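Q: Please take a close look at one part of this model, the place where two of its chains meet. Set out what each side contributes and how the copies are related.

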There are 4 protein chains.
Amino acid sequence: MKHFQTPDPRFADRVRDSFARQTVMEFLGATLTEVGPGRCEIRLPFKPELSQQHGYFHGGVIGTIGDSAGGYAAYTLMPADAGVLTVEYKMNLLAPGDGELLIARGQVLKAGRTLIVSRADVGVVKQGRETPCATLLQTLITMKGKPEVQG
Amino acid sequence: MKHFQTPDPRFADRVRDSFARQTVMEFLGATLTEVGPGRCEIRLPFKPELSQQHGYFHGGVIGTIGDSAGGYAAYTLMPADAGVLTVEYKMNLLAPGDGELLIARGQVLKAGRTLIVSRADVGVVKQGRETPCATLLQTLITMKGKPEVQG
Amino acid sequence: MKHFQTPDPRFADRVRDSFARQTVMEFLGATLTEVGPGRCEIRLPFKPELSQQHGYFHGGVIGTIGDSAGGYAAYTLMPADAGVLTVEYKMNLLAPGDGELLIARGQVLKAGRTLIVSRADVGVVKQGRETPCATLLQTLITMKGKPEVQG
Amino acid sequence: MKHFQTPDPRFADRVRDSFARQTVMEFLGATLTEVGPGRCEIRLPFKPELSQQHGYFHGGVIGTIGDSAGGYAAYTLMPADAGVLTVEYKMNLLAPGDGELLIARGQVLKAGRTLIVSRADVGVVKQGRETPCATLLQTLITMKGKPEVQG
């Protein structure tokens, strides 16, 4: 894994603040479990409300936490006064989301001045054993001068 | 828009049955508003629980209903005894999901024996005016002999 | 198809100049056959040098002219002093590239200040009949103050 | 990197045979430099014919060898009597293709019975130093009973 330097020593607080304001994360039940320069981990325990027609985690839910993990990985490398927006992502589903917990790990692949490219790998844990269930490749944009928290 | 023929005259019931079993759709508040051969429309009214850090629809939520709209568009063209799985999708966000309603319209681009390629366009409606907010390009697989409802 | 306004009335000359300097286009044998605000068409006749293992157009060649068609569609909407770069693209192959001619049609879906999202559809013509063979969804970036031709 | 088992001990010969019949590879000047179970490396020296408007490797050329590297990585894991087709790929360009040599390394992420997901990383070498210039995420399909060489 590549090592990155961030221009903002308070990057972890900034990510936690932004995550706390993504109300969809609380609604789904996701928690931010790790933040480092250029990386971020999000976990989501299963509940029946998150399932598709076979009773597994819905692909869109897998994409939601994968997108957030990759996006916050990118956000750790942005200046203190910037906001982050997802430009696009592509996700391949590798196995059904059959298990009791999803773990999404985002990492930055390339940090440019305006655009950041991230990857996020999502695993599903069943009876304590983790299986890769999705991988995302993502483009994020730095919104300069548009901090996520005003005030 | 291309016109498709479906091998299963009961395709609309089949889609409605499967949608009803995607509990995440009820959890989000989404409804299936239109089904035709090779196309499907899903609507999702805004509620604060679905928002990202700026108070707009979260990108992952937009992806979830886009994925479902494109996936069910594909499912309308599958045989009665088949199930549908998303292989992968790519989504470009075109504008913030700022509004009171999302409308996702899926349509099949190419229906092969095993794989189907769909597009889904998602619009956001604000004060009655719709703006395109995302477009998805998607690959689905026909799971032969694995109907979505057993019994 | 959406209608776009371009800030540069000389956009067509600008696209033709840039295309002429993409030596790979001449090497492949591609020609720029149409340019309008937010759209661009490129054609490529078959020659055995462009084929994959089955004797059809190679997927990478299809991607190359699709990428260029979508990229130049975006470039028509950029200011006179800007350059264009592809950020990313995703291509679905819809049918084998079996025929005597490829036609790639790029069109802009959304033109933002920094980023432009394009779609490109590639058809293959066999004995005078065109079949869709690929579709691309693409993100381009405006390189401000970096014109493509200096001097 | 994951380790894979292949059902065909002659996989390397099979890949080399197929590569030799992709005439576009010889036309571009690409060579197959490494093949292992679930991985493949392709190299392409620069020549002016491969360049875009700034004199760098064209993005489509980068995509072409990336697609082939990921596709042949997948093909190493297929049965002896099968052919391989690219379903779709997504490529993010990470840096300009500015250098004297491209190296594309494909590796399988997930090998299913019908579909294989691969990643390909493309580096550009300038004055002996390699820089990542693109990454691809790809879906391939196994064409059962359709061997690539008949006869």
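A: The account below starts with the contact between two chains and then turns to symmetry, one residue and one sheet.

This is a predicted model, in which local features need pLDDT of at least 70 and side-chain atom pairs count only at pLDDT 80 or more, while totals for chains, interfaces and linings use all residues. Residues are numbered from 1 along each chain as its sequence is written, and chains are lettered from A and ligands numbered from 1 in the order in which they are written.

Between chains B and A, 29 residues of chain B are in contact with 29 residues of chain A (contact: C-beta atoms, placed from the backbone, within 7 Å). On the side of chain B that touches chain A, at least two residues each come from helix H1 (11-21), helix H2 (23-28), helix H3 (59-75) and strand E3 (83-93) of chain B. Helices (H or I, at least four residues) and strands (E, at least two) are DSSP runs, numbered from the N terminus. E3(B) gives the largest share of that side, 8 residues. By type, the side of chain B that touches chain A holds 9 nonpolar, 14 polar and 6 charged residues; Ala, Val, Leu, Ile, Met, Phe, Trp, Tyr, Cys and Pro count as nonpolar, Asp, Glu, Lys and Arg as charged, and the others, Gly among them, as polar.

Strand E3 (residues 83-93) of chain A runs antiparallel to E3(B), joined to it by 5 bridges (strands pair if DSSP finds at least two bridges between them). Within this pairing, Asn92(A) has Glu88(B) as its bridge partner.

Chain C superposes on chain A by a rotation of 180° with 0.0 Å of shift along the axis, at an RMSD of 0.0 Å. That is the relation of a two-fold axis. The fit is by least squares on the C-alpha atoms of residues with pLDDT of at least 70 in both copies. Lys90(C) is the residue of chain C that comes closest to the rotation axis, its C-alpha lying at 4.2 Å. Both copies use the same surface, as 100% of the contact residues of chain C recur in chain A.

Phe11(A) sits in helix H1 (residues 11-21) of chain A. Phe11(A) counts as buried because it has 21 C-beta neighbours inside 10 Å; the cut-offs are 20 or more other C-beta atoms within 10 Å for buried, 12 or fewer for exposed, and partly exposed in between, with C-beta atoms placed from the backbone. Leaving out residues up to four places away in sequence, Phe11(A) touches Thr6(A), Pro37(A) and Thr76(A).

In chain D, 5 of the 7 residues of strand E2 (residues 39-45) are buried. E2(D) pairs antiparallel with strand E1 (residues 31-36) over 5 bridges, and with strand E4 (residues 101-111) over 7 bridges, also antiparallel.

Definitions and conventions:
Two residues are in contact if their C-beta atoms, placed from the backbone, lie within 7 Å.
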